[in-house]
Amino acid sequence: MATVEITADTFNDAITENDIVIVDFWAPWCGPCRSFAPTFEKVSEKHTDIMFAKVNTEEEQDLAGHFQIRSIPTLMIFREQVVLFAQPGALSESQLEEVIGKVRELDMAKVHAEIAAQQDAANQE
């Protein structure tokens, strides 16, 4: 799957309709963002089961604000609607592949159980 542009209007659908979504928050004026784009595109072609999405922070300021994007590029990886990775800065192809491998290996039942336990603890306070 090639990369797709997503907006505030399409973001929730993208996250709920895909198991894994990798989001690149970027801007047209950002040199590191432009340098990272070919790597993001190349890796997207190897992982056709993952949605690779781009959010233009200039056009989608509310969405960038919601996720507290302070530096670009910033990558966020969602799996089963849970943010598993959020990091500013461009990754090399091998680093991105490594992160994808780790995201795939996670036991999501365990992750969801941990989130539920944290929410229960917060509700009891």
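**Close-up 1. E97 and its partner in helix α2.** At 23% relative accessibility, E97 counts as partly exposed, because that value lies between the cut-offs of 20% for buried and 50% for exposed. Please keep in mind, as you look around, that this is a predicted model. The side chain of E97 meets that of K46 in a salt bridge, with 3.6 Å from N to O. This contact links distant parts of the chain: E97 sits in helix α4 and K46 in helix α2, 51 residues apart.

**Close-up 2. K46 and E93 between two helices.** Here K46 forms a salt bridge with E93, and the closest N and O atoms are 2.5 Å apart. Again distant parts of the chain are linked, with K46 in helix α2 (residues 31–46) and E93 in helix α4 (residues 93–105), 47 residues apart. How accessible is K46, and which class does it count as? K46 has 46% relative accessibility, so it counts as partly exposed. E93, at 25% relative accessibility, counts as partly exposed too.

**Close-up 3. The network around K46.** Take a step back to see how these contacts join up. Which residues do salt bridges with shared partners join into one network? They are K42, K46, E93 and E97. Within this group, K46 pairs with E93 at 2.5 Å and with E97 at 3.6 Å. For the model as a whole, the count comes to seven salt bridges.

**Close-up 4. D24 and K54, a pair between strands.** D24 and K54 form a salt bridge in which the closest N and O atoms are 2.8 Å apart. The two residues come from distant parts of the chain: D24 belongs to strand β2 (residues 20–26) and K54 to strand β3 (residues 51–56), 30 residues apart. Are these two residues buried or exposed? Both D24 and K54 are buried.

**Close-up 5. The hairpin of β4 and β5.** Our last stop is a pair of strands. Strand β4 (residues 74–79) and strand β5 (residues 82–88) run antiparallel and are joined by six bridges. Which residue in β5 is the bridge partner of R79? That partner is V82. Between the strands of this hairpin there are two residues. Have a look at the backbone of E80 in this hairpin, where phi is positive, near 50°.

Methods:
Residues are numbered from 1 along each chain as its sequence is written. This is a predicted model: local features need pLDDT of at least 70, side-chain atom pairs count only at pLDDT 80 or more; totals for chains, interfaces and linings use all residues. Side-chain values use heavy atoms; hydrogens and water are left out. A salt bridge is a side-chain nitrogen of Lys or Arg within 4 Å of a carboxyl oxygen of Asp or Glu. Helices (H or I, at least four residues) and strands (E, at least two) are DSSP runs, numbered from the N terminus. Buried means under 20% relative accessible area, exposed over 50%, partly exposed in between (1.4 Å probe, protein chains only). Two strands pair if DSSP finds at least two bridges between them.
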